[in-house]
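Thanks for coming, everyone. I'll take you through one structure. Have a look at it first.

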Amino acid sequence: MNIHPFEAEFGAEVTGVDLRVQNEEAFADIYSAWLNFGVLRFRDQPLDDEALQAFSARFGPLEEMPLGLMPEEWHRKINNRFVTVLSNIMVDGKPIGGLGNGEANWHSDMTYVDDPPPASVLLGVEIPARGGDTHFADQCTACDVLPEALRKSIVHLNIKHDAAHTSVGSLRPGYDTFEDPRDAPGTVHPIVLEHEETGRSCLYLGRREWAYVTGLTFDESESLLDELWSYAILEENQWRQRWRAHDVVVWDNRRVLHRRDGFDANHRRMIRRCQVLKVSAVPPT
Ligand code: OGA
Ligand code: MN
């Protein structure tokens with residue numbers, strides 16, 4: 001197995017490994033590369049759902065689709081309860097997956113819960129000819145490059161992360177609209193996250209839309225967030241994934257932000273996805 005760091009100083013391509021084969025030693029190397037680089041890409045991995053689930057589950061327990069909320073006639077359409085589908089493809093007039101074809105703004109996943117998932121794993125299945133790229137931005141570096149005074153001013157501050165909207169900006173079922181981010185339902189986290197495994201400090205902004213720095217006035221919160229976001233998404237701290245079918249990408253959701261470009265509604269895109277709920281004990285190296 002070889003690890004080739006990307007130019008951006010985070011993220012790496014891993015070659016010479018078949019993710020369908022369970023090998024303790026190889027996984028220990030993958031796990032430490034994931035912590036070191038924040039995002040890993042593996043090309044030419046034609047995984048079925050069971051293999052995607054098995055690989056993802058090595059990081060820790062996976063999120064499971066709650067069948068209880070679903071009409072029973074849908075159950076048989078689910079191939080694997082640990083694999084969700086992101087797609088704009090319609091079957092019988094209904095989308096077969098989430099997120100559609102719109103742009104998804106910068107975010108990390110599910111920061112509106114108390115313990116957000118540490119890892120997300122995506123597999124490219126159908127890829128549009130243009131658009132639909134996924135971009136990543138390193139928040140450890142973002143934290144390192146903050147001017148000293150700004151960094152000092154945020155060490156004890158927290159952000160409330162909105163739970164009501166999805167990453168494409170639509171309201172989740174069961175939530176009411178509101179006009180003011182101070183009224184958003186959600187969870188509060190420190191702006192600077194101490195990474196539990198690497199010990200590094202990362203900016204932890206979640207999403208710009210509907211965010212609020214608690215304890216500040218609305219205007220103070222908005223201008224502080226705008227300033228922090230200008231460092232969070234510096235061009236030189238970004239890496240762009242141009243998808244090919246059979247690409248697997250896994251990122252450290254505590255460390256990087258991601259966003260997705262929109263794409264033509266007439267093109268098909270399908271990504272299959274697992275979400276790791278918490279990390280298991282760090283494997284031996
Ligand atoms: C996600 C996500 C981006 C994409 O899976 O959390 O934001 O490229 N997806 O589809
Ligand atoms: Mn996401």
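Let's start with a word we need: buried means under 20% relative accessible area. Keep in mind that this is a predicted model.

Now, is His107 buried or exposed? His107 has 7% relative accessibility, so it counts as buried. His258 comes next. Its relative accessibility is 6%, so His258 is buried too.

What do these two histidines hold? Both coordinate the manganese ion (ligand 2). Asp109 is the other residue at this site. The histidines each use NE2, and Asp109 uses OD. The distances run from 2.1 to 2.2 Å.

How are the donors spaced along the chain? The pattern reads H-x1-D-x148-H. His107 and His258 therefore bring distant parts of the chain together: they are 151 residues apart. His107 sits in strand S8, residues 104-107. His258 sits in strand S18, residues 256-260.

On to another spot: Asn80. Where is Asn80 found? Look at the loop between helix H3 (72-75) and strand S4 (84-87). Asn80 is in a loop, and its relative accessible area is 6%, so it is buried.

Which side chains does Asn80 meet through polar contacts? One is Glu50, at 3.1 Å. Another is Gln53, at 2.8 Å. Leave aside residues up to four places away in sequence, and Asn80 touches Asp49, Glu50, Gln53 and Met65.

To recap: the manganese ion (ligand 2) has His107, Asp109 and His258 around it. Asn80 has polar contacts with Glu50 and Gln53. That's my tour. Thank you.

Notes
Residues are numbered from 1 along each chain as its sequence is written. Chains are lettered from A and ligands numbered from 1 in the order in which they are written. This is a predicted model: local features need pLDDT of at least 70, side-chain atom pairs count only at pLDDT 80 or more; totals for chains, interfaces and linings use all residues. Side-chain values use heavy atoms; hydrogens and water are left out. Helices (H or I, at least four residues) and strands (E, at least two) are DSSP runs, numbered from the N terminus. Buried means under 20% relative accessible area, exposed over 50%, partly exposed in between (1.4 Å probe, protein chains only). A polar contact is a pair of N or O atoms within 3.5 Å; within protein, one must be able to donate a hydrogen and the other to accept it, and residues adjacent in sequence count only if both atoms are side-chain atoms. Contact means heavy atoms within 4.5 Å. Donors are N, O and S atoms within 2.8 Å of the metal (3.2 Å for Na, K and Ca); water is not among the atoms, so sites may look incomplete.
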